[in-house]
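Welcome, and please open the structure in your viewer. This tour goes from stop to stop, telling you what to select and what you will find there.

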Amino acid sequence: MSEKMKRDSKSISKTIIHTTHHQNYREEHEMTTDRFSNLKLFTCNSHPELAQEIAEYMGIELGKSTVTKFSDGEISVSIWESVRGKDCFIVQSTNDPVNDNLMELLIMTDALKRASCNSVTAVMPYYGYARQDRKAKARDPITAKLVANMITAAGIDRVITMDLHASQEQGYFDIPVDHMLGQPMLTDYFRLKELEDLVIVSPDHGSVKRARNMAKPLNVPIAIIDKRRPEANKSEIMNVVGDVNGKNCIILDDLIDTAGTICNAANALMDLGAKSVYACATHAVLSGPALERIEASPIKEMVLLNTIPIPEEKKLKKITVLSVGHIFAETITRVYCNKPISAMFN
């Protein structure tokens, strides 16, 4: 297949998914001008494009605010409209620069609370520090819990996020957490490809449940990569559990940082006779040597969600980006209208 045909195929798949979700959202919710009269949707600086897309799905305007810095690096937040008695939602992923983005969220929360809003919900498509979720060795911090404490102390009433590194991290919060899943959207994308001899591959033992959830609706088996991590951002493949010989493999992970794990897994699968290797993940951290590793790897296509903004220079030919705007628009709508979130997973 030519490069143009591949690009056209990816574009058609994304268009079908986007159009379907947009129609479903409009049919599910009766859209009227005063439906969200008591709701305000704000954004900080981490991902304004996604915030704008969410607002367009919901048929509302983004709240008027600015987030800037003083000359010494201190963050300044200004809210340019009344929020008294309003239910406010702040769209802010805590990706790189992690600490700046986290502080923007906390400071905007403080500004809204002091302006007498009714509630503040943090919409965090990507929750930074989630990988520091346990004491892996003596005297380690559990930073994921620390950040949860900071969010609660700032006055945030609810968190909406997607694919935490470990789902039990919801318990770090003393406020409600709506934990959305990116895997169903990735499953829909690969279902359209109609790949034969398919197997879903978990890149480590921690992602087995995620792989099973993808394999079940596709009615295909799974395989598991047995790896060890000698130090941070380094991994070594020890073994592959499952039959991948002559199979089209899809590696599913929650995030891709330096891409060492997923590229090593792809090489191991090809060495064991895999026909082709695809990869997909929710969060595109893509730091350090990630792009070079992906480009040099045997991965045929890597599908990522835009919980983190992916600049044009990082969009390799083999990378496909799907938007999660409709998922968060739907979730915000259900939270605001007191409708169950569980219905979205049925």
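## Stop one: an arginine

Select Arg210, which has a relative accessible area of 16% and is therefore buried, the cut-off for that word being under 20%. Keep in mind as you look that this is a predicted model. Arg210 is part of helix 6, which runs over residues 208-218.

Now show what surrounds this side chain. Leaving out residues up to four places away in sequence, Arg210 touches Leu164, His165, Gln183, Leu252, Asp253 and Asp254. Pick Leu252 from that group: its C-alpha is 7.5 Å from that of Arg210, while the two residues are 42 apart in sequence.

## Stop two: a cavity

Three of these names will come back here, so keep Leu164, His165 and Asp254 selected. What lines the largest cavity? Add Tyr126, Tyr127, Ala130, Met162, Asp163, Leu255 and His283 to Leu164, His165 and Asp254, and you have its lining. Colour the lining by class and you will find six nonpolar, two polar and two charged residues. The volume of the largest cavity is about 40 Å³, and the count of cavities of 30 Å³ or more comes to one.

## Stop three: aromatic pairs

Next, look at the rings. How many aromatic pairs does the structure hold? There are four. A pair of aromatic rings is described by the distance of the centres and the angle of the planes.

Begin with Phe36 and Tyr336. Their ring centres are 5.9 Å apart and their planes meet at 50°, so this pair is tilted. Phe36 sits in the loop between helix 1 (3-28) and strand 1 (39-43), and Tyr336 is in helix 9 (residues 325-336); the pair links distant parts of the chain, 300 residues apart. Are these two residues buried or exposed? Phe36 is buried at a relative accessible area of 7%, and Tyr336 counts as buried at 18%.

Then move to Phe190 and Tyr278. Here the centres are 5.9 Å apart and the planes stand at 80°, so the pair is edge-to-face. Because Phe190 belongs to helix 5 (residues 183-193) and Tyr278 to strand 12 (residues 276-284), the pair ties together parts that lie 88 residues apart in sequence. Phe190 is buried, with 2% relative accessibility, and Tyr278 is buried too, with a relative accessible area of 6%. Add Tyr189 to your selection: ring pairs link Tyr189, Phe190 and Tyr278 into a cluster.

## Stop four: helix 3

Select residues 98-114, which form helix 3. This helix of 17 residues reaches 25 Å from its first C-alpha to its last, close to the 24 Å expected at 1.5 Å a residue.

Which residues of helix 3 are buried? Highlight Asn101, Leu102, Glu104, Leu105, Leu106, Met108, Thr109 and Leu112. The buried residues of this helix pack against helix 4 (143-153) and several strands, including strand 1, strand 2 (65-69) and strand 5 (119-124). Just after helix 3, stop at Ser116, which takes a positive phi of about 70°.

## Last stop: the whole chain

Finally, zoom out. The chain has nine helices and 14 strands, and 52% of its 346 residues count as buried. Of the contacts between residues at least 6 apart in sequence, 65% join residues at least 24 apart.

Methods. Residues numbered from 1 in each chain as written. Heavy atoms only, no water. Phe/Tyr/Trp six-rings, centres within 6.5 Å; stacked < 30°, edge-to-face > 60°. Helix = DSSP H or I, 4+ residues; strand = E, 2+ residues; numbered from the N terminus. Buried < 20%, exposed > 50% of the residue type's maximum accessible area, 1.4 Å probe, protein only. 1 Å grid on protein atoms, 1.4 Å probe; cavity = no way out; pocket = protein on both sides within 12 Å on 5 of 7 lines; lining within 4 Å. Points joined across faces, edges and corners; volume = space filled by probe spheres on them. Nonpolar A, V, L, I, M, F, W, Y, C, P; charged D, E, K, R; others polar. Expected span 1.5 Å × (residues − 1). Contact = heavy atoms within 4.5 Å.
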